[in-house]
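Please read the points below with the model open beside them. They concern the two DNA strands and a few residues of the protein.

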Amino acid sequence: MLQQTPVVRVLPVWERWMARWPTPADLAAEPAGEAVRAWEKLGYPRRALRLHACARELEEVHGGRVPSDLAELLALPGVGEYTAAAVSSFAFGIPATVVDTNVRRVQARAVTGQALPEPSYTRAEARLADALMPQRETQDGIREANLWNAAAMELGALICTARSPSCDVCPVRQRCAWIAAGQPAPHYQPKGQAWEGTDRQVRGAMMTVLRAAESSVPEALLTAVGPLPQARDLDAQRGTPEQTSEQWRALRRLAAGAEQRQRCLTGLIADGLAVQDGAGGVTLPA
DNA sequence: CACTCGTGGAC
DNA sequence: TGTCCAAGAGT
């Protein structure tokens, strides 16, 4: 849930999720669509699919337990380098080099002296992160290493933030290479991600409708260009009307052509986020 | 390596 | 107001 998503947005969803599915077995017993629905509006709904697949793999391959081995973690669906290292270090107390966007920014500033890390994660950053990790030969060293991971992330998340860092209260400001260099501006220009008219926007609107629907949604409603039926005509297929009428409006509002809508729906089906019911309808996966 | 994939708060 | 960006992963 935390992948590319702010902590404060994750927390309430995570609480509900854990109350409903306390163990991998609980989640594995559900249809994938329930995971997608419970994902709510965290974004990147494929993560919900992968987490569900992960729960099933934990059941089938790991006896319902989360493995502590880094390579085994890495092999799980939706678990990449960052997540594997974070689980190893934070959940199991086994040090692994945790590098997320916060750590990258802290390193770029405090050590390299740049305002921002490179646009894409480089091998040099990975080597630097490894070199900065405390030694972990002794028990104390192991604790230090795990603490280091948490400290680097928290420093980046709370003090050394992307927009307006709180350098005045930063505990490492005396040794910060970026401060020492006079806080130079970024050496590249971040390219903003477009949104209006993108496939992401269309897919997102379609997923909003599918999550809100209690039964199959006619394909034509998702792919039709031009005015869609009035929200009241769709009551039979929806959850609570108040909650979802706005979401239908969002779909109607899209400036998406027929080919784009069709491509996006096909993409959602290919991703396993939507399935066809054989009668011209679409639902979340069973 | 470059690209795709959601969402909404902050400034 | 529009832009930026957030505990990345998979292809």
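The numbered points start with the basis of the model and then take the DNA strands in turn.

1. This is a predicted model, in which local features need pLDDT of at least 70 and side-chain atom pairs count only at pLDDT 80 or more, while totals for chains, interfaces and linings use all residues. Residues are numbered from 1 along each chain as its sequence is written, chains are lettered from A and ligands numbered from 1 in the order in which they are written, and side-chain values use heavy atoms, with hydrogens and water left out.

2. DNA strand C is surrounded by 23 residues, and the closest are Leu2, Gly78, Thr83, Asp100 and Arg163. A residue is near a strand if one of its heavy atoms lies within 4 Å of it. By class, the surface near strand C has 8 nonpolar, 9 polar and 6 charged residues. Here Ala, Val, Leu, Ile, Met, Phe, Trp, Tyr, Cys and Pro count as nonpolar, Asp, Glu, Lys and Arg as charged, and the others, Gly among them, as polar.

3. Of the atoms of DNA strand C within 4 Å of the protein, 67% are from sugar or phosphate. Phosphate oxygens of this strand lie 2.9 Å from a polar backbone atom of glycine 80, 3.1 Å from a polar side-chain atom of asparagine 102 and 2.8 Å from a side-chain N or O atom of arginine 105. Helix 6 (81–91), helix 7 (101–112) and helix 9 (139–159) each give two or more residues to this surface; helices are DSSP runs (H or I, at least four residues) numbered from the N terminus.

4. Around DNA strand B there are 17 residues, with Arg9, Pro45, Arg46, Arg200 and Arg203 nearest. Sugar and phosphate make up 56% of the strand B atoms that come within 4 Å of the protein. The residues of this surface are 4 nonpolar, 5 polar and 8 charged, and helix 11 (residues 199–212) gives the most, with 6 residues.

5. Which atoms of DNA strand B lie 3.3 Å from glutamine 4 and 2.9 Å from tyrosine 44? A base nitrogen is at that distance from a polar backbone atom of glutamine 4, and a base oxygen from a polar side-chain atom of tyrosine 44. For arginine 200, a side-chain N or O atom is 3.2 Å from a base nitrogen.

6. Glutamate 125 belongs to helix 8 (residues 123–132). Its relative accessibility is 10%, so glutamate 125 counts as buried (under 20% relative accessible area, 1.4 Å probe, protein chains only). Its side chain makes a polar contact of 2.7 Å with the side chain of arginine 104 (a pair of N or O atoms within 3.5 Å; within protein, one must be able to donate a hydrogen and the other to accept it, and residues adjacent in sequence count only if both atoms are side-chain atoms).

Definitions and conventions
Buried < 20%, exposed > 50% of the residue type's maximum accessible area, 1.4 Å probe, protein only.
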